[in-house]
Amino acid sequence: MARPLKIVSWNVGGITSPVKRYKILQALQRRGTMIACLQETRLSRLEHLKLRTKWVGEVHQSPASHGKGGVAILIHKSFPGQAKLLHHDDFGRLVLLEVTMQSLTFLLLVCYAPNQY
């Protein structure tokens, strides 16, 4: 029997703290997450590399702009498919992937849209 595909969307409210980042990544791993869509990471382009862990194989991200926003999609190393980056913006708001698993292809969008600008 095939394992169910677990996709999680989580507004993390900033993960610049190493302790908070570790706890969130551990929680995602314990839940068997294959794809995690994170909003409001508040991470720069280089800081997003810190999201690569033992279980995270790919990180697709749009970094925070002036410490606000920031989104990322984390793909598990054992994800049984492929993810292709189609678009990301320069404002930390959008990442769009084309995901293919066996004969199924779908689009996955992570979007951060705050209440106020």
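A nonpolar core is a set of buried residues of the kinds Ala, Val, Leu, Ile, Met, Phe, Trp, Tyr and Cys, joined through side-chain atoms within 4.5 Å. With that idea in hand, the predicted model shown above can be explored from the inside out.

The largest nonpolar core holds 15 residues, and the members that touch the most others are I35, I73, I75, F79 and L97. Several strands feed into this core: β2 (35–39), β4 (71–76), β6 and β7 each give two or more residues. Of these, β6 supplies the largest share, with four residues. F79 offers a good place to look around. Beyond its neighbours within four places in sequence, F79 is in contact with L5, M34, I35, V99, T100 and M101. Another core, of 14 residues, lies apart from the largest one, and its members include I15, L25, W55 and V59.

The strands themselves come next. Strands of a sheet pair through backbone hydrogen bonds, and this pairing can be parallel or antiparallel. In this model, three strands form an open sheet in the order β5-β6-β7, and their pairing is antiparallel. The edges of the sheet are β5 (82–88) and β7 (104–111), each of which pairs on one side only. On average, neighbouring strands here are turned by 20 degrees against each other, with direction ignored. Between β5 and β6 (residues 94–101), which run antiparallel, there are six bridges. One bridge can be followed residue by residue: A83 has V99, in β6, as its partner. V99 has already appeared above, as one of the contacts of F79.

What of Q61, buried or exposed? Q61 sits in strand β3 (residues 56–62). Its relative accessible area is 15%, so Q61 counts as buried, the cut-off being under 20%. Apart from neighbours within four places in sequence, Q61 is in contact with R45, H48, V71, A72, H88 and V95.

Finally, the cysteines deserve a look. A disulfide is a covalent bond between the sulfur atoms of two cysteines. How many disulfides does the structure hold? The count is zero. For C37, the nearest cysteine sulfur is that of C111, 11 Å away. The cut-off for a disulfide is 2.5 Å, so C37 is in no disulfide. Seen from the other end, C111 is in no disulfide either, and its nearest cysteine sulfur is that of C37. As for their surroundings, C37 is buried, with a relative accessible area of 4%, whereas C111 is partly exposed, with a value of 39%.

Terms used: Residues are numbered from 1 along each chain as its sequence is written. This is a predicted model: local features need pLDDT of at least 70, side-chain atom pairs count only at pLDDT 80 or more; totals for chains, interfaces and linings use all residues. Side-chain values use heavy atoms; hydrogens and water are left out. Buried means under 20% relative accessible area, exposed over 50%, partly exposed in between (1.4 Å probe, protein chains only). Contact means heavy atoms within 4.5 Å. Two strands pair if DSSP finds at least two bridges between them. Axes are lines fitted to C-alpha atoms, for helices over the stretch in contact, and angles run from 0 to 180 degrees between N-to-C directions.
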